[in-house]
Amino acid sequence: MDYRVGQLIIDFYHQFPKVNLMVIALIDILRQVLESEVDIGIGINVAPNDRLVTIPLCKEEYVLTVSKRHPLANPDLH
């Protein structure tokens, strides 16, 4: 499970304790959503599918950190 999801699940459960929440492998989530076995699925890098509506939940920026002496620190590379 993605490290970011753990706290989201805990917070969701505290806010909605009567909602049944399950963690399932991504491949099973897609099948179960398409077959109406579950109401929603949350995943990372879900392949587009004409039978599904996907809504981005967040965007994440990654950065590279190097020493000022490293060749990648050259301002011309920005």
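**Exercise 1. Which residues is Gln32 in contact with, leaving aside its neighbours within four places in sequence?**

Before we start, note that this is a predicted model, in which local features need pLDDT of at least 70, side-chain atom pairs count only at pLDDT 80 or more, and totals for chains, interfaces and linings use all residues. Residues are numbered from 1 along each chain as its sequence is written, and side-chain values use heavy atoms, with hydrogens and water left out.

*Solution.*
- Step 1: find Gln32 in helix 2; helices (H or I, at least four residues) and strands (E, at least two) are DSSP runs, numbered from the N terminus.
- Step 2: look for contacts, meaning heavy atoms within 4.5 Å. Gln32 meets Ile24, Glu37 and Val38.
- Step 3: check the burial class of Gln32. Buried means under 20% relative accessible area, exposed over 50%, and partly exposed in between (1.4 Å probe, protein chains only). Gln32 has 14%, so this residue is buried.

**Exercise 2. Describe the surroundings of Ile24.**

*Solution.*
- Step 1: go to the loop between helix 1 and helix 2, where Ile24 sits.
- Step 2: read its accessibility. Ile24 is partly exposed, because its relative accessibility is 25%.
- Step 3: list its partners beyond four places in sequence, which are Ile29 and Gln32.
- Step 4: try a longer reach. Ile24 and Arg51 are 27 residues apart along the chain, and their C-alpha atoms are separated by 20 Å.

**Exercise 3. Do the same for Val33.**

*Solution.*
- Step 1: stay in helix 2, which holds Val33.
- Step 2: with 22% relative accessibility, Val33 counts as partly exposed.
- Step 3: not counting residues up to four places away in sequence, Val33 touches Val38, Ile40, Gly41 and Leu52.
- Step 4: from Val33 to Arg51 is 18 residues in sequence and 9.7 Å in space, C-alpha to C-alpha.

**Exercise 4. Find what stands out in the backbone at Ser36.**

*Solution.*
- Step 1: move to the segment after helix 2, where Ser36 is found.
- Step 2: inspect phi, which is near 60° at Ser36, a positive value in a residue other than glycine. Most residues other than glycine have a negative phi.
- Step 3: add the accessibility. Ser36 is exposed, at 63% relative accessible area.

**Exercise 5. Describe the fold and spread of the whole chain.**

*Solution.*
- Step 1: count the elements: 2 helices and 0 strands.
- Step 2: compare the radius of gyration (over C-alpha atoms) with the globule rule, 2.2 Å times the number of residues to the power 0.38. The chain has 19 Å, well over the 12 Å that the rule gives for 78 residues, so it is more spread out than a compact globule.
- Step 3: box the C-alpha atoms along the principal axes, which gives roughly 55 × 35 × 20 Å.
- Step 4: look at burial; 4% of the 78 residues count as buried.
- Step 5: turn to contacts with a separation of 6 or more, of which 15% join residues 24 or more positions apart.
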